[in-house]
Amino acid sequence: VCSMGNSTSRLYSALAKTLSSSAVSQHQDCLEQPDSARLDPIDPKDLLEECQIVLQKRPPRFQRDFVDLKKNAVSNHRPIRVMQWNILAQALGEGKDNFVQCPMEALKWEERKCLILEEILAYKPDILCLQEVDHYFDTFEPLLSRLGYQCTFFPKPWSPCLDVERNNGPDGCALFFLKDRFELINSANIRLTAMKLKTNQVAIAQTLKCNETGRLFCIAVTHLKARTGWERFRSAQGCDLLQNLKNITQGAKIPLIVCGDFNAEPTEEVYREFSNSSLNLNSAYKLLSPDGQSEPPYTTWKIRPSGECRHTLDYIWYSQHALNVNSALGLLTEEQIGPNRLPSFNYPSDHLSLVCDFSFNQDPERLL
């Protein structure tokens, strides 16, 4: 365990406990028998300070700025900040992904975990959507629940993490929302199908009520099948997800935000399906481009034995007539990422986090 400052603090105890790895089966009781000490609230500033003590020998985190996208829109309510991030499963980062330019020292969970938490704490999302989560029960659920989030996890049925020696259980999608801002109305764990067959990919879709406005909306998180050659498979998974979301949102009567690692460039069929869906979705990060029509040049950038991989795979889709995008977090520049690409001592994942601030359209009847 790394030095964490004052070892007598409750916070030290909470964070230090998450440094040890255990199989997911050993943590199932966390959901059924909450430990009262673990559920004591944590001040996010204190947790951030503890993370920074662990990371003091690493370079400082990158500076990223929000881009204001409001078009003279006036909102009387606080925006809803949504964060989308494939955080890189620990078992895959260390055991399968072969980031040939990334030192193994940079992937140590004891420190990489703190880099992930630092990123989350820096942007303070109201809703957090994560993929490749394989430390849910021993890290993210215990800590984020104490920060005021309600937590949901849905693992892949056959997670590739389980093939890695000394793994920490299966990876999956996780969804977190602040309980003081939203009320959970409905939650669905969706195992995606393709050609009528159940697949290894999943989604979580939750209908929330915004306490401040009284408005309902649906938030969904997913992670589609990876690899070249699986384009039709991803397309089928996307169609299945869209059909599920049509049912959940009553045919788009309820506004929708979909976060995910789609493993698909904008040229793929699954991207066109989301763009042309009757749910009337738009991709938030297109709004950063000069014409508002182009996706970013990359959301993931890594070097594997086969060569350099620079792709746009991650998206935040939203109901464009029910929701406004007030701002979006700018991406890291090539200079910031550096010649060895991601992950690195500076950044914990091979995917960049996406963060957007949303507000409701002021005319609640104008949904489509």
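Visitor: Which element gives the largest share of the lining of the largest pocket?
Guide: The model is predicted: local features need pLDDT of at least 70, side-chain atom pairs count only at pLDDT 80 or more, and totals for chains, interfaces and linings use all residues. Residues are numbered from 1 along each chain as its sequence is written, and side-chain values use heavy atoms, without hydrogens and water. Three lining residues, the largest share, come from one strand (a DSSP run of E, at least two residues; helices are H or I, at least four; both numbered from the N terminus): strand 11.

Visitor: How much space lies in the largest pocket?
Guide: On a 1 Å grid over the protein atoms alone, a pocket is an open set of points with protein on both sides within 12 Å along at least five of seven lines, a cavity is a set where a 1.4 Å probe fits but cannot get out, and lining residues have an atom within 4 Å of a point. Points join across faces, edges and corners, and probe spheres set on them fill the volume. For the largest pocket this gives about 770 Å³.

Visitor: Which residues are closest to its centre?
Guide: The largest pocket is lined by 31 residues. The closest to its centre are Lys225, Ala226, Arg227, Asn263 and Arg304.

Visitor: What is the volume of the second largest cavity?
Guide: Its lining includes Leu115, Glu118 and Glu119. The count is two cavities of 30 Å³ or more. The second largest cavity has a volume of about 40 Å³.

Visitor: How many residues of helix 5 are buried?
Guide: Helix 5 spans residues 109-123. Buried means under 20% relative accessible area, exposed over 50%, partly exposed in between (1.4 Å probe, protein chains only). Helix 5 is mostly covered, and of its 15 residues the buried ones number 13.

Notes:
Expected span 1.5 Å × (residues − 1).
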